[in-house]
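Let's take a walk through a protein model together. Have the sequence and the picture ready, and follow along as we go from the inside to the outside.

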Amino acid sequence: ILFFLLADTIAIHIYHQPEIGWMLKILSLCLVVSPLSRSLQAIMTGHYRIKLVAISNGIFNFGALFVAIIFILLDNPLLGMVLAHLLPRFAEILFLRVKLRQVVPHLWNRTIPALCDRREFLKHSILVATGSGIRRSHEQINLTIIALLLPMAIVAQYTIAFKFMVLGLAL
């Protein structure tokens with residue numbers, strides 16, 4: 001909430017670019033929804049529902065691509081690239097929340113499942129690592145798309161705003 005409230009101040013006094021305040025506000029919302037998404041994925045992983053984690057990664061990645069393409073077609077690619085980090089995350093969280101209710105119907109009464117064997121753990125780890133790699137590459141794909149479509153000044157603004165969001169997630 002603090003990053004959202006201070007976004008305009010940060011844009012003006014730290015980056016000296018008041019025009020990026022709106023981007024910082026939108027991306028600051030990712031500070032709430034991204035950890036929620038990761039937490040739900042961790043619960044699913046803990047219950048050996050790796051396919052659901054992979055599906056949720058796909059929902060986010062394809063959703064982000066869809067949002068970006070729609071806004072590019074609407075001639076507002078910068079807004080599309082910024083919203084591509086936020087809107088698909090809500091769809092991913094909704095999917096995981098529905099599945100969580102199915103996977104753990106009595107969340108507080110659930111017993112801890114037995115540990116899996118090494119082969120099963122390796123199989124699940126590979127799936128999770130692949131999904132994480134795809135998700136991280138999404139950042140570079142966004143930057144490449146807007147670099148091709150927009151003037152360099154706007155690309156720089158987007159990069160600054162995105163790094164602000166990543167810094168906030170690290171804190």
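We'll start with the core, then look at one helix, the charged pairs and a patch on the surface. Keep in mind that this is a predicted model.

So, what sits in the middle? In soluble globular proteins, nonpolar side chains tend to be buried together. Here, the largest nonpolar core has 30 residues, and Leu24 and Met44 are the ones with the most contacts inside it. Two or more residues come from each of H1, H2, helix H3 (30-46), helix H4 (50-73), helix H5 (77-83) and H6. The top contributor is H4, which gives 6 residues to this core.

Let's stay with H4 for a moment. How far apart are the end C-alpha atoms of H4? They are 34 Å apart, and that agrees with expectation, because 24 residues at 1.5 Å a residue should span 34 Å. Plenty of names turn up when you look for buried residues in H4, among them Ile50, Leu52, Val53, Phe60, Val67 and Phe71. Don't expect just nonpolar names, though: Ser56, Asn57 and Asn61 in H4 are buried too. After H4 comes Asp75, which has a positive phi, near 65°.

Now for the charges. Side chains of opposite charge can pair when their charged atoms come close. How many salt bridges does a search of the whole structure find? The search turns up 2.

One of them joins the side chains of Asp8 and Lys25, with 3.0 Å from N to O. This pair links distant parts of the chain, since Asp8 is in helix H1 and Lys25 is in helix H2 (residues 21-28), 17 residues apart. Asp8 has 33% relative accessibility, so it counts as partly exposed. Lys25 is partly exposed as well, with a relative accessible area of 25%.

The other salt bridge is between Glu92 and Arg89, whose closest N and O atoms are 2.9 Å apart. Glu92 and Arg89 are separated by about one helical turn, because they are 3 residues apart in helix H6 (residues 87-103). Are Glu92 and Arg89 buried or exposed? Both Glu92 and Arg89 are buried.

Finally, let's step outside. Ile1, Leu2, Phe4, Leu5, Leu6 and Leu29 make up a nonpolar patch on the surface, and together they have about 620 Å² of accessible area. Take Leu5 as an example, which lies in helix H1 (residues 2-13). Why does Leu5 count as exposed? Exposed means over 50% relative accessible area, and Leu5 has 60% relative accessibility, so it qualifies.

Key: Residues are numbered from 1 along each chain as its sequence is written. This is a predicted model: local features need pLDDT of at least 70, side-chain atom pairs count only at pLDDT 80 or more; totals for chains, interfaces and linings use all residues. Side-chain values use heavy atoms; hydrogens and water are left out. Patches are made of residues with over 30% relative accessible area and no salt bridge: like charges are joined within 9 Å, nonpolar side chains (Val, Leu, Ile, Met, Phe, Trp, Tyr) within 5 Å. Accessible areas come from the Shrake-Rupley method with a 1.4 Å probe; for residues, only the protein chains shown count as cover. A salt bridge is a side-chain nitrogen of Lys or Arg within 4 Å of a carboxyl oxygen of Asp or Glu. Helices (H or I, at least four residues) and strands (E, at least two) are DSSP runs, numbered from the N terminus. Buried means under 20% relative accessible area, exposed over 50%, partly exposed in between (1.4 Å probe, protein chains only). A nonpolar core is a set of buried Ala, Val, Leu, Ile, Met, Phe, Trp, Tyr and Cys residues joined through side-chain atoms within 4.5 Å. The expected span of a helix is 1.5 Å times one less than its number of residues.
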